[in-house]
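Here is a report for a first look at a protein model. Keep the sequence and the 3D view open as you read.

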Amino acid sequence: MATVTPDLQRAGGGGSNVLRLGKPFRYSVLTLVGAFFIIPILASARFSFLGNNNSFTFSAYTQLFGTPQFWSTLWLSVKVGVGTVALTLALLIPTVIFVHVRLPRLRRLFESVSLLPLVIPSVVVTLGVITSFRNLPNIIYGTPVILALEYVVLALPYSYRTFDSAVQSIDLKTLVDAGQSLGAGWIKLLRFAILPNLRSGLLGASILTFAFCLGEFAVASLLSFTTFPVFLVQVGRLEASQAVALSLIALIFTWIPLALVMIVFSQRRGGRRGAGVEAAIESAVAE
Amino acid sequence: MAISDELRSDSGTVPGGDGDAPAGSMRPRRSRRRGRWHTSIGALPFLVYVALFLLVPAVSVVATAFKNGNGQFTMANFDEAVHGVYLQSFIASIKLSFASALIAAVVGLLAALAVSATENRIVRSLVAAGSGVFANTGGVPLAFSFIATVGNFGVVTKLLSSAGFDLYSHGFSLYSVMGLTIVYQYFLIPLMILIMIPPIQALRKEWIDASASLGANRFQFWRWVGIPLLTPPILAAFIVLFTDAFAAYATAEALTSGTIPLVPIQLGSLISGNVLAGQTNLGDALGAGMIVVVLVAALLYAYVQRKASKWLR
């Protein structure tokens with residue numbers, strides 16, 4: 001995996017004569033690919049506002065918002081998402097900082113561990129959860145708590161690398177040395193020196209994890225929890241226009257925070273090591 | 001100053017609490033007092049967590065695959081998994097993933113080349129951020145937005161038919177392997193762009209200048225410099241795309257309601273309780289089979305990646 005990704009904005013590497021690609025080629029490729037990505041969005045918008053006889057209507061949206069299940073499943077997904085983010089941070093903050101301070105040579109190893117979920121498809125993980133956790137107390141296995149517990153692991157490829165590269169980009173050693181020489185313990189160090197410097201990394205990891213939780217379908221549906229995406233599929237079997245409207249909402253609400261993460265991380269340090277890039281590369285099994 | 005030097009030497013030379021650390025006087029008091037065993041304990045909760053919630057389920061799937069309903073050892077599950085309809089589903093899944101990854105690799109590579117060659121900063125940032133966002137898009141909403149576009153009653157389907165061209169009477173169907181191949185492009189192409197931009201940017205200017213001053217034309221540059229340099233990263237990217245498509249479940253399930261025989265879909269329907277008598281642990285064998293396919297891809301990836309890093313360092 002390319003760990004050092006040169007800045008997109010840097011002119012040096014890729015001027016037009018360097019790659020010897022003509023303008024017609026560049027613009028036709030980018031236009032065609034761009035169209036492929038924009039047309040489904042426009043079509044969804046059109047489809048969701050389509051009433052009888054091609055009239056324009058908001059009914060798909062008003063009906064959706066009037067469905068109690070819309071709100072209850074969304075609320076369930078939000079709760080699972082918040083729980084997952086909290087657990088993720090509780091696990092990642094000590095681990096990543098510890099690895100950087102005490103075990104810097106094992107940094108690569110821990111990164112590989114965080115990528116393990118990519119090797120085990122989430123459908124398989126679900127099956128394993130059923131066979132191995134069936135006998136756990138009902139409070140864990142029988143409630144959405146199990147979803148949060150699993151999502152922490154399944155979202156690791158996004159969250160770990162994002163946070164890890166944020167820690168890598170600050171001078172953790174100096175912070176720790178300075179803090180300790182002033183007599184601060186680890187709690188104070190974290191609270192006043194380290195975490196404030198990692199705000200964007202924490203935010204990035206949280207957003208990516210939360211977006212993952214809001215969109216995850218396989219585990220939730222196979223464990224029979226009606227989260228937001230599962231509800232979306234149920235709606236889709238009955239009411240196409242409502243499902244499309246709902247999808248559009250879901251897409252826009254995941255795109256906005258994701259875009260924020262991409263922008264924040266591509267600007268920090270000139271995008272030397274876009275966390276978004278890293279995370280996206282690992283999007284593998286996640287879907 | 002002294003403290004900082006000690007800390008640095010500590011963490012620099014004592015990974016994992018190796019015993020070959022410099023004499024005790026060089027090490028900070030804290031770690032001397034706690035001993036080397038404690039040096040790695042801080043990372044333990046994370047490792048235990050991953051082991052518990054990822055490795056335990058995975059191992060239990062593989063282990064159960066070798067058992068029959070009474071817990072005795074058997075190969076019957078695998079026998080079933082590599083014959084008949086399940087063999088077909090493995091073949092279909094691999095074909096679908098291969099075709100999707102191939103198309104995405106070609107289109108994504110062209111787009112990555114195009115965007116790398118563009119001086120327009122806005123276009124570059126837009127493509128980079130857009131790719132990051134779209135590569136993370138997937139699952140159910142994606143399926144529905146394609147249904148709205150080229151489904152039976154999709155907007156584009158209708159537009160085309162009013163222009164006199166009926167998509168669905170020309171062999172196209174969104175609810176098929178072909179349809180899935182197209183839908184998967186929506187997250188595979190951006191993934192390819194993201195993966196390929198760094199190696200393309202790393203094509204060093206000196207190499208290009210050198211080839212130019214030696215009189216290479218455009219064809220010769222690509223034949224002898226560009227393509228050989230980009231081949232390892234392209235192969236690695238292809239494997240990532242393949243794995244991504246192979247494991248995808250949500251999009252296929254939402255789009256086809258589980259009617260297409262792909263491995264994740266079959267496995268999903270076994271989990272949901274559609275188990276025939278005598279197939280108790282068949283699902284586990286399918287799951288183990290999926291892990292094997294992905295592992296083979298991951299090993300290939302590691303191999304190719306080693307070659308690639310040799311060039312691009």
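The report below goes from whole chains to single residues.

**The two chains**

The model is predicted. Start with the chains side by side.

| Chain | Residues | Helices | Strands | Buried share | Contacts at least 24 apart, among those at least 6 apart in sequence |
|---|---|---|---|---|---|
| Chain A | 287 residues | 16 helices | zero strands | 48% | 79% |
| Chain B | 313 residues | 14 helices | zero strands | 46% | 71% |

Chain A has helices and zero strands. The same description fits chain B, with 14 helices and zero strands. Read chain B along its sequence and the pattern is α-α-α-α-α-α-α-α-α-α-α-α-α-α.

**Where the chains meet**

Chain B gives 99 residues to the contact between the two chains. Chain A gives 95 residues. Which helix of chain B supplies the largest share of its side? Helix 3 of chain B, residues 44-65, does, with 13 residues. What kinds of residue make up the side of chain B that touches chain A? There are 64 nonpolar, 27 polar and eight charged residues.

**Two domains in chain B**

Chain B is split into domain 1 (2-65) and domain 2 (78-312). Where these domains touch, five residues come from domain 1 of chain B and seven residues from domain 2 of chain B. The domain 1 side holds four nonpolar residues, one polar and no charged.

**The largest nonpolar core**

Now look inside. The largest nonpolar core has 163 residues. Five of its members touch the most other members: Ala112(B), Leu188(B), Met192(B), Ala237(B) and Leu241(B). Helix 9 of chain B (residues 177-201) provides the largest share of this core, 15 residues. Both domains of chain B take part: the core draws at least three residues from each of domain 1 (2-65) and domain 2 (78-312).

Take Met192(B) as an example. Leave out residues up to four places away in sequence, and Met192(B) touches Ala104(B), Ala105(B), Gly108(B), Leu109(B), Ala112(B), Ala237(B) and Leu241(B). Ala112(B), Ala237(B) and Leu241(B) are also on the list of members that touch the most others.

**Two enclosed helices in chain A**

Turn to chain A. Why is helix 8 of chain A (residues 145-154) largely enclosed by the rest of the structure? Nine of its 10 residues are buried, so the helix is largely enclosed. The buried residues of helix 8 of chain A are Ile146(A), Leu147(A), Ala148(A), Leu149(A), Glu150(A), Tyr151(A), Val152(A), Val153(A) and Leu154(A). The charged residue Glu150(A) is one of them.

Helix 14 of chain A (residues 228-238) has eight of its 11 residues buried, so this helix too is largely enclosed by the rest of the structure. Those buried residues are Phe228(A), Pro229(A), Val230(A), Phe231(A), Leu232(A), Val233(A), Val235(A) and Gly236(A).

**An exposed alanine**

End with Ala210(B). This residue is found in helix 10 of chain B, residues 205-213. Is Ala210(B) buried or exposed? Ala210(B) counts as exposed because there are 12 C-beta neighbours inside 10 Å. The cut-off for exposed is 12 or fewer. Phe221(B) lies 11 residues from Ala210(B) in sequence. In space the two are 9.9 Å apart, C-alpha to C-alpha.

How values were computed. Residues are numbered from 1 along each chain as its sequence is written. Chains are lettered from A and ligands numbered from 1 in the order in which they are written. This is a predicted model: local features need pLDDT of at least 70, side-chain atom pairs count only at pLDDT 80 or more; totals for chains, interfaces and linings use all residues. Helices (H or I, at least four residues) and strands (E, at least two) are DSSP runs, numbered from the N terminus. Domain bounds come from an automatic or database domain assignment. A nonpolar core is a set of buried Ala, Val, Leu, Ile, Met, Phe, Trp, Tyr and Cys residues joined through C-beta atoms within 7 Å. A residue is buried if 20 or more other C-beta atoms lie within 10 Å of its own, exposed if 12 or fewer, and partly exposed in between; C-beta atoms are placed from the backbone.
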